[in-house]
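Grab a pencil and work through a few short exercises on the fold shown here. Try each task yourself before you peek at the solution.

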Amino acid sequence: MCPLPLAVAAVAAPRAPLRLLNRGLAAAMSTAGPLKSVDYEVFGRVQGVCFRMYTEDEARKIGVVGWVKNTTKGTVTGQVQGPEDKVNSIIVSYHSESLLQRKSWLSKIGSPSSRIDRTNFSNEKTISKLEYSNFSIRY
């Protein structure tokens with residue numbers, strides 16, 4: 001978990017730090033500004049190589065919530081939610097024939113034994129509240 005949002009929340013409301021700490025990361029993030037949600041599916045060698053555990057660890061380091069799971073077709077799918085700036089921090093703009101936005105985490109970087117061929121991102125939207133309290137592996 002990322003302790004920074006909790007520390008910032010506790011400083012912002014010094015009279016109720018225990019209440020804020022008990023509400024957890026999702027509660028601290030929900031007061032941090034606009035929230036964003038994005039779905040993803042990762043193609044390549046992403047099953048049997050600790051990809052889901054790596055994704056869970058990276059999400060917690062960045063400070064986003066959501067989930068990840070293997071699919072029956074050999075891909076990994078999931079959803080990431082969090083403050084817009086944190087979700088956007090995994091977006092890298094680059095020029096090819098046109099200006100495109102791509103996520104570097106999940107599209108280029110995975111567990112050491114994985115190989116990412118491509119990642120599809122969909123349903124990118126602004127949300128009013130987080131649907132998850134942490135980042136988890138689904139089975």
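What follows is a set of exercises, each with a worked solution.

Before you start, note that this is a predicted model: local features need pLDDT of at least 70, side-chain atom pairs count only at pLDDT 80 or more, and totals for chains, interfaces and linings use all residues. Residues are numbered from 1 along each chain as its sequence is written, and side-chain values use heavy atoms, with hydrogens and water left out.

**Exercise 1: the sheet**

Work out the strand order of the open sheet and say which strands stand at the edges.

Solution.
- Step 1: get the elements straight. Helices (H or I, at least four residues) and strands (E, at least two) are DSSP runs, numbered from the N terminus.
- Step 2: find the pairs, where two strands pair if DSSP finds at least two bridges between them. E1 and E6 are antiparallel, with ten bridges, and Leu35 has Ile127 of E6 as a bridge partner. E1 and E3 are antiparallel too, joined by eight bridges; here Asp39 is matched with Gln79 in E3. E2 (residues 65-70) and E7 run parallel, with three bridges, and Trp67 is partnered by Ser136 in E7.
- Step 3: put the order together. The five strands line up as E6-E1-E3-E2-E7, with mixed pairing.
- Step 4: read off the edges. E6 (115-127) and E7 (135-137) each have a single partner strand, so each has one side without a neighbour in the sheet.
- Step 5: add the twist. On average, neighbouring strands are turned by 15° against each other, direction ignored.

**Exercise 2: the helix on the sheet**

Describe how H3 sits on the strands and which of its residues are buried.

Solution.
- Step 1: check the helix length. H3 has twelve residues and spans 16 Å from first to last C-alpha, close to the 16 Å expected at 1.5 Å a residue (the expected span is 1.5 Å times one less than the number of residues).
- Step 2: place H3 (residues 51-62). This helix lies across E1 (35-45), E2, E3 (76-83), E6 and E7, at about 175° to E7. Axes are lines fitted to C-alpha atoms, for helices over the stretch in contact, and angles run from 0 to 180 degrees between N-to-C directions.
- Step 3: list the buried residues (buried means under 20% relative accessible area, exposed over 50%, partly exposed in between, with a 1.4 Å probe and protein chains only). They are Phe51, Arg52, Tyr54, Thr55, Glu56, Glu58 and Ala59.
- Step 4: see what they pack against: E1, E2, E3, E6 and E7. On the sheet side, E1 is mostly covered, with nine of its eleven residues buried.

**Exercise 3: a glycine in E2**

Is Gly66 buried or exposed, and which residues is Gly66 in contact with?

Solution.
- Step 1: locate Gly66, which lies in E2.
- Step 2: check the accessibility. Gly66 is buried, at 1% relative accessible area.
- Step 3: list the contacts (heavy atoms within 4.5 Å). Leaving aside neighbours within four places in sequence, Gly66 touches Gln79, Tyr132, Asn134, Phe135 and Ser136.
- Step 4: take a C-alpha distance. Gly66 and Ile137 are 71 residues apart along the chain, with 8.9 Å between their C-alpha atoms.

**Exercise 4: positive phi**

Where do Cys50 and Asn123 lie?

Solution.
- Step 1: Cys50 is in the loop between E1 and H3. Although not a glycine, Cys50 has a positive phi of about 65°.
- Step 2: Asn123 is in E6, and this non-glycine has a positive phi of about 55°.
- Step 3: Cys50 is partly exposed at 48% relative accessibility; Asn123 is partly exposed, with a relative accessible area of 48%.
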